[in-house]
Amino acid sequence: MSARREDASRRRKGLSVSRVERPAGSGVNGATAAADGAASLRLADGESARQIARTALSTPLPPRPDVFDGSVSFNRDLSLLEFNRRVLSLAQDDRTPLLERVRFLSIFSSNLDEFVMKRLGLLSRRIKQGVVAVDQDGVPTAALMAALRRTIRDLQAVQMQCYEEDIRPALVREGITIVDYETLPAEERRALRQWYRHNVFPVLTPLAVDTGHRFPFVSNLSRNLGVLMTEPGMPAEAEPLFARVKIPSVLPQWLRLPDQPGQMLSLTPAPGAGGGRGRWVSLRDIIQNNLDDLFPGMRLLEVVPFRVTRDSESEIDEEDADTLIEQVEAQLKKRRFAAPVRVEIGPGASPRMVAQLADELHLDPSDFDERAGLLDYTTLTEIADLERPELKWPRWMPVTPGRLAEAGKDIFSVIRQGEVLVHHPFDSFTASAERFIAEASRDPDVLAIKQTIYRTSRDSPFVSSLVRAAEAGKQVAVLIELRARFDEQSNVRLARILEKAGAHVAYGVIGYKTHCKAALVVRREADGLRSYAHVGTGNYHPRTAMLYTDLGLFSCDPAITEDVAELFNFMTGRSRLDTYETLLVAPINMKKRFIDLVRREADLARAHATGRSPVGGRIVVKMNAFADTDMAEALYEASRAGVDITMYVRGFCCLRPGVPGMSENIRVVSVLGRFLEHSRVFHFGAGHADPLDGEWYIASADWMYRNLNNRVESACPVLTRTNRARLARILEVMSRDRRGAWDLMPDGSYLARTPQPGTPADAPEAVGTFETLMREARA
């Protein structure tokens with residue numbers, strides 16, 4: 001051991017790993033309807049009041065940090081952890097089908113991994129750079145980091161208890177048993193050992209650390225075993241040797257045990273094998289209990305699983321657009337070797353083991369989280385994928401909208417008859433957005449296709465259609481955002497495929513991420529050229545279109561299509577147009593226009609209060625997240641003026657509602673459940689009593705500083721009463737939801753709504769937003 005390592009080891013002799021204790025209380029039985037508090041809130045459309053009851057969990061979720069109470073806004077990172085708290089509640093909720101609860105445990109862990117990579121990684125770098133405070137409230141960086149780590153550990157303790165004491169026994173009752181290797185009979189362990197020797201052992205590569213072997217690189221989120229051992233006959237006080245064994249990700253992480261003695265274990269069992277029933281053991285458990293084959297003749301002292309999370313943030317020099325694609329590729333390689341931020345480690349790790357890892361990874365004791373139970377819950381996706389339909393939500397098949405289902409009509413003739421609004425996943429993405437580009441690629445009268453791609457699937461039908469169009473000689477221009485987080489490598493690959501086919505590929509506006517979702521088709525028709533546009537709120541991604549709720553508008557209105565054409569000129573050329581007839585475009589006019597609209601509603605409310613206007617101010621908006629100081633100030637001003645404001649914010653929200661004298665007229669609601677709410681809708685009353693006479697927009701942007709200032713975004717007006725009525729209906733359904741809706745309180749906590757006594761189990765408010773919208777789509 002080097003002198004540096006010896007010094008570090010001596011410094012850490014007293015190292016104690018932070019323990020995550022199980023919260024006191026009985027097993028988690030889901031979100032029950034006991035009400036220990038209520039608040040009277042108005043519906044979004046001003047109808048009768050309702051009582052909002054707090055959901056009481058049999059094992060309460062850990063308390064929120066209160067160090068930031070008293071501010072005019074909530075800290076973004078703590079609010080994001082509040083969102084993950086609500087995701088965890090879906091796993092605790094026994095109304096959720098069992099395998100979907102298992103999936104939510106995996107989603108919760110995946111969300112936290114991304115949070116640690118992005119947000120804790122950023123804070124860690126700021127602490128090293130000596131940045132004292134991180135927000136306008138002057139919250140110390142180190143204090144925020146400590147509060148976030150404490151909250152994460154508390155939430156993970158609840159996750160562990162939910163899995164061990166609630167979900168795991170429930171799986172057993174359904175014939176799905178997750179077993180520990182040590183509990184298996186000796187004969188079965190011998191059979192497993194033989195199987196391991198032939199199917200796993202050849203894949204493993206033990207990496208020792210000594211004077212001739214450097215400490216191995218530990219990749220981000222990999223599952224590992226740390227091993228301490230000595231040579232036979234060495235004295236007890238001898239310095240142990242360290243080795244690392246990586247659990248191979250190329251193999252299934254859960255293996256189904258044979259039903260009968262003598263049957264062989266399969267490395268690639270079908271999800272439906274055994275009827276989705278049987279016993280499963282983790283690959284890590286098998287490897288951990290057969291390590292003597294990897295280190296023959298050595299005396300194993302300690303074996304501990306661990307998992308490293310690395311910083312995901314990266315900076316790109318965008319000044320030279322010609323080399324942006326090469327810069328992104330270089331940055332991807334750099335990210336792989338980014339600094340570690342956190343180590344999750346199994347229970348009972350010795351100070352020596354932790355000191356070894358901390359020294360080699362250049363981390364402090366506070367960066368280690370000791371975790372009982374599973375170390376990586378994301379592997380449970382393999383269990384959630386078992387073919388047990390009775391333990392999942394009924395399969396949903398999107399419906400083709402009536403106008404698009406008319407036989408013998410091409411999609412362009414349908415759009416010429418009037419704008420088409422689609423709502424995914426209730427309306428078919430395949431029969432609308434995919435069809436739009438596919439028909440354009442084959443139509444001999446189509447001259448040009450332009451499209452943005454932020455995220456899409458690896459085998460994207462859009463890319464196939466664009467390649468077909470380019471090879472057919474059509475003018476194809478594609479704006480691919482190479483810097484879409486965690487999709488950079490995929491987008492680089494797609495860019496090269498499109499360039500090879502002859503498409504014009506651009507990478508966006510220097511200094512801005514391109515996040516807008518738009519497509520433009522130029523078609524030759526009898527009366528000249530006509531343009532058709534699709535403007536949406538979500539990605540051109542077939543898979544997420546089945547999981548996320550998003551909106552898309554098809555139009556051939558020249559006022560819209562000409563603006564979309566100008567938007568593409570801005571993204572692919574050198575346009576500096578600062579006015580658009582219909583679209584709101586960030587970073588050009590979107591933020592200013594939204595603030596102006598909010599202030600107009602404030603003026604209307606003041607005029608109504610003095611009798612100068614028959615109608616007051618009204619704002620109803622829906623988005624994924626809210627974090628913009630200027631928008632918050634405008635909304636607070638509008639609330640003080642008396643504007644009725646309802647905000648549906650699925651994720652984090654920094655705005656503080658319900659504070660007397662500041663935001664008492666603002667309500668913030670988060671809706672979670674089967675699908676991920678992703679669409680953005682903005683409604684302003686504009687002095688009209690009838691909501692359908694006000695202003696309506698759908699948009700790609702949330703009201704966040706990055707979206708409004710640092711990204712290219714678009715918001716498109718919805719002009720027809722038919723389409724406005726559909727948007728209004730979506731918001732009305734959400735306003736009545738007592739199944740998956742949560743109300744944000746002035747202290748930053750969320751209260752889960754529950755059905756009022758006597759409500760029929762199949763009533764829309766009892767089944768919630770998503771089931772109601774699925775029913776209406778079927779009808």
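## A friendly first look at this predicted model

Trainee: Let me start with one residue: is Glu-525 buried or exposed?
Mentor: This is a predicted model, so every answer here is computed from it. The relative accessible area of Glu-525 is 14%. The cut-off for the buried class is under 20%, so Glu-525 counts as buried.

Trainee: Which residue forms a salt bridge with Glu-525?
Mentor: Side chains of opposite charge can pair when their charged atoms come close. Here the closest N and O atoms are 2.6 Å apart, and the limit for a salt bridge is 4 Å. The partner is partly exposed, with a relative accessible area of 25%. The residue paired with Glu-525 is Arg-530.

Trainee: Glu-390 and Arg-388 form a salt bridge too, so which of them is buried?
Mentor: In this pair the closest N and O atoms are 2.6 Å apart. Glu-390 has a relative accessible area of 47%, which makes Glu-390 partly exposed. With a relative accessible area of 1%, the buried residue is Arg-388.

Trainee: In which helix do both Arg-729 and Glu-732 lie?
Mentor: These two form a salt bridge, and their closest N and O atoms are 3.1 Å apart. Arg-729 is partly exposed at 29% relative accessible area, and Glu-732 is partly exposed at 26%. In sequence they are 3 residues apart, about one turn of the helix. That helix, covering residues 721–736, is H18.

Trainee: How many salt bridges does the count come to?
Mentor: Some of them join up into a network, which links Asp-113, Arg-223, Arg-307, Arg-342, Glu-344, Arg-371 and Asp-376. The count of salt bridges comes to 57.

Trainee: Let's turn to the strands. In the open sheet with the order E6-E11-E10, which strands stand at the edges?
Mentor: This open sheet has 3 strands and mixed pairing. An edge strand has a single partner strand, so one side of it is left without a neighbour in the sheet. That describes E6 (176–178) and E10 (254–256).

Trainee: Which residue in E11 stands opposite Thr-177?
Mentor: E6 and E11, the latter covering residues 278–282, pair in the parallel sense over 3 bridges. Opposite Thr-177, the residue in E11 is Arg-279.

Trainee: And over in strand E9, what is the bridge partner of Leu-207?
Mentor: Strand E7 (residues 207–209) runs antiparallel to E9 (residues 241–246), and 3 bridges join them. E9 is also joined by 6 bridges to strand E8 (residues 223–230), again antiparallel. In that second pairing, Gly-226 stands opposite Arg-244. The bridge partner of Leu-207 in E9 is likewise Arg-244.

Trainee: Now the helices: at what angle do H12 and H13 pack?
Mentor: H12 (residues 461–471) meets H13 (residues 488–501) through residues including Val-463, Leu-466 and Val-467 in H12, and Leu-494 and Ile-497 among those in H13. H12 passes H13 in a right-handed crossing. The two are roughly parallel, because angles under 35 degrees count that way. Their axes are 8 Å apart, and the packing angle is about 20°.

Trainee: Within what distance do the axes of H2 and H4 come?
Mentor: Contacts between these helices include Leu-78, Leu-81 and Leu-88 in H2, and Leu-144, Leu-148 and Ile-152 in H4. H2 (residues 76–92) and H4 (residues 141–173) cross at roughly 0°, and they are therefore roughly parallel. Their axes come within 11 Å.

Trainee: What about the backbone: which peptide bond has omega near 5°?
Mentor: Most residues other than glycine have a negative phi, and most peptide bonds are trans. One cis bond runs from His-424 to Pro-425, with omega near 0°, and Pro-425 is placed in the loop between strand E15 and helix H11. Pro-587 lies in the loop between strand E23 and helix H15. The cis bond with omega near 5° is the one from Ala-586 to Pro-587.

Trainee: Where is Leu-221, which has a positive phi near 65°?
Mentor: Leu-221 is a residue other than glycine with a positive phi. At 23% relative accessibility, Leu-221 counts as partly exposed. Its place is in the loop between E7 and E8.

Trainee: Finally, what share of the 779 residues counts as buried?
Mentor: The protein chain has 19 helices and 34 strands. Among contacts between residues at least 6 apart in sequence, 74% join residues at least 24 apart. The share of residues that count as buried is 58%.

Note on methods. Residues numbered from 1 in each chain as written. Predicted model: local features only at pLDDT ≥ 70, side-chain atom pairs only at ≥ 80, totals over all residues. Heavy atoms only, no water. Salt bridge = Lys/Arg side-chain N within 4 Å of Asp/Glu carboxyl O. Buried < 20%, exposed > 50% of the residue type's maximum accessible area, 1.4 Å probe, protein only. Helix = DSSP H or I, 4+ residues; strand = E, 2+ residues; numbered from the N terminus. Pairing = 2+ DSSP bridges. Axes fitted to C-alpha atoms, helices over the stretch in contact; angles between N-to-C directions. Parallel < 35°, antiparallel > 145°, perpendicular 65-115°, else oblique. Left-handed = near helix turned anticlockwise from the far one by under 90°. Contact = heavy atoms within 4.5 Å.
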